[in-house]
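Biologist: Before I use any of the labels attached to this model, I would like to hear what each of them rests on.

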Amino acid sequence: MKLKTPSKAKAAAAAAAAPPIEADTCLSLIKECHTLKCLKTIHASILRSHLHFNLHFFTNLISRYASLGSISYAYTLFSYFNSSNDVFLWNVILRGLVDNAHYHRSLILYTRMPHLAISPDNFTFPFLLKACASLRNLNLGSQIHAHVFIYGYSSHVFVSNSLISMYAKCGLFHLSKKVFDKMPHRSTVSWSAMIGACSEIGFHEQGLLLFTRMLDEGIKPNRASILNATTCVQRETVAHHMCKVMMDNGLDMDQSVRNAAMLMFARCGRIDLARSLFDGFICKDLVCWASMIDAYAHADLPLEALHLFNQMRSQCLLPDSIILLAVVRACSILASLRQARILHGVLIRCLMESKLVLDTAVIDLYVKCGSLVYARKVFNKMKERNIISWSTMICGYGMHGHGREALNLFDQMKTLIKPDHVTFVSVLSACSHAGLIAEGWECFNSMVKDFGVTPTSEHYACMVDLLGRAGQLNQAREFIKRMPIRPDAGVWGGLLGGCRIHLNVELAEVAAKALFDLDAQNPGRYVLLSNIYASLGKRKEADGIRNLMKSRGVKKIVGHTIIEIKDKIYTFVSGDRSHLEMDAIYSELEKLMQRIRQEGYVPDLSFALHDVDGETKEKMLYAHSEKLAIVFGLMKLGHEKLIRITKNLRVCGDCHTAIKFISKVTGRKIVVRDAHRFHHFMNGACSCGDYW
């Protein structure tokens, strides 16, 4: 909510009514104000005492308005003195703008400083670099870096720390490392920033090595460095060691550190230890509840997250936006449209005013629950939209295979707001899912040329995925060779995915070799290559990859499919026999398979990857979790109801074909959400156009 600038008459009246204020108490009174109403009273007293002519007092007043969120009022006050060459005053307003997310405005204001002969100092540049990092604008960040060098602050610790974070958030880890390595002196914050850069880019092992090196050099870790290091921990043994470091440095009782420890253990697969930490809190604040709910969400336990949220509400605790965001994330994993609508109602009741971040999260929730209609309704009702709101809706259309709609929305966005790197990831991903090759190239080429957005590894990965899906594998390989940055796991993963679709074993081996180094603990990489070998009858090579997985301690993720019926979640795995009504399910499944075979369905035995005879392979295909869940839905849901299922992995090719036939013979619409996208089946066709 923007505050209007008071008229001169009102300001004069307020000043006349306020008691005078002494100069020696002015600063302490300003700092003690925690509400705008209180600060305005002090402001009126300052006016009556004529202390506003003192630049030092006036600057502190501006700073306090900005810290209380009234940046528009702060900027209005600043405008009275904006011809001043006092760099402290300019730093205060720059910081206020950045802290209140007015990043573009802060950078524009900075361009006025040279015209007034104001030289930036070592406090100016960190605010500007934070703005560039938040915008993910490498072009502007590089320009600010050049100014840092020109003004002689390239060796200043505070400025270098900000450069490390900026380059990491822009996806250029090697430049973060270069800045770090060249620093003549490093503070604890420097190490923390570099460890945070490793975490930001996904280089977890490097982050932990840096943390160990920091300890070995006798540098005492602070809260920030430990918090950054915990995000790099992926193994339980390391997590226990990290807890010892926390204790040795007297931070084990720190609330934020304990919350981070909960998430750390959850990430390592020890949600039980995370819950023990949670239960050990005598006084649980909202951050504590949010951390545990988020831990359940990250552990793929959405029902437990929702149960904990309901437990919190039963204790008459009013959730804040952070907790609600965590619950929305959990509900997104569950992919239950009914639960999404219930949660949306809770959000409306808990928050009197619409919040941009939560509205955007609800759009994403409805997208992931399979309802673009509800997502678009929320989007259309938003009082304001930012880049993330637009990008989320564009990404939603892409996930559901509506590439043209995504591009149309992107065209609307460009007339109102400048797209950033996140938007281009959404657009390029939409082009990839819809097979829009020419449009994808056009968007990619326009990034630098029209919008000054430097492509990061995510954008290159989208282009490789686009080319790979289209069968242009050699072009994708040449594209990777021409990349100006080192290809990461996302880029090679895109190539391997294309090789899976088009069974190109030679390039698959090239991609897999890189992935086994970059992403060695991801089971999906091994399984993809093994499946390619198996599909081509290379059983020896397929077994070799499975053995490599075992030797490295990498476990395959078990595929499962869930379906919600009458407020209850049912989970099926391939060949499942655990359900109470399994005999009836298999009986109905056999009848359904006969019906679709009469319509022309032929099982694709290449997706039965075990080394068994053809008849056994066919039976194994019939019992895939997707088919079991759909049959159960047909048995339990009314004849007119839509069937929604969610697969935790990519839906198999044979099931994709079978579901098209099932939708035709039953006359039912079936929505399948898998690990990558949505498939809407109706009348024997799929929304993806078989381009997936």
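The exchange below takes the labels one at a time.

Modeller: This is a predicted model, in which local features need pLDDT of at least 70 and side-chain atom pairs count only at pLDDT 80 or more, while totals for chains, interfaces and linings use all residues. Residues are numbered from 1 along each chain as its sequence is written, and side-chain values use heavy atoms, with hydrogens and water left out.

Biologist: Why does the radius of gyration of the protein agree with that of a compact globule?

Modeller: The radius is taken over C-alpha atoms, and the globule rule is 2.2 Å times the number of residues to the power 0.38. For 692 residues a compact globule would have a radius near 26 Å, and the protein has 28 Å, which agrees. Along the principal axes, the C-alpha trace spans about 95 × 55 × 50 Å.

Biologist: Why is Ala335 called buried or exposed?

Modeller: Buried means under 20% relative accessible area, exposed over 50%, and partly exposed in between, with a 1.4 Å probe and protein chains only. Ala335 has 11% relative accessibility and therefore counts as buried, whereas Arg136, at 26%, counts as partly exposed. Ala335 is found in the loop between helix H20 (321-334) and helix H21 (337-350), and its phi is near 60°, a positive value in a residue other than glycine. Arg136 is found in the loop between H8 and helix H9 (138-150), with a phi near 55°, which is likewise positive in a residue other than glycine.

Biologist: What makes E2 and E6 edge strands?

Modeller: Strands are DSSP runs (E, at least two residues), as helices are (H or I, at least four), numbered from the N terminus, and two strands pair if DSSP finds at least two bridges between them. Six strands form an open sheet of mixed pairing, in the order E2-E1-E3-E4-E5-E6. Strand E2 (568-573) and strand E6 (685-686) each have a single partner strand, so one side of each is left without a neighbour in the sheet.

Biologist: How do you know that E5 and E6 are joined?

Modeller: Two bridges join strand E5 (residues 678-682) to E6, and the required number is at least two, so the two strands count as a pair. They run antiparallel, and the bridge partner of Met682 is Ala685 in E6.
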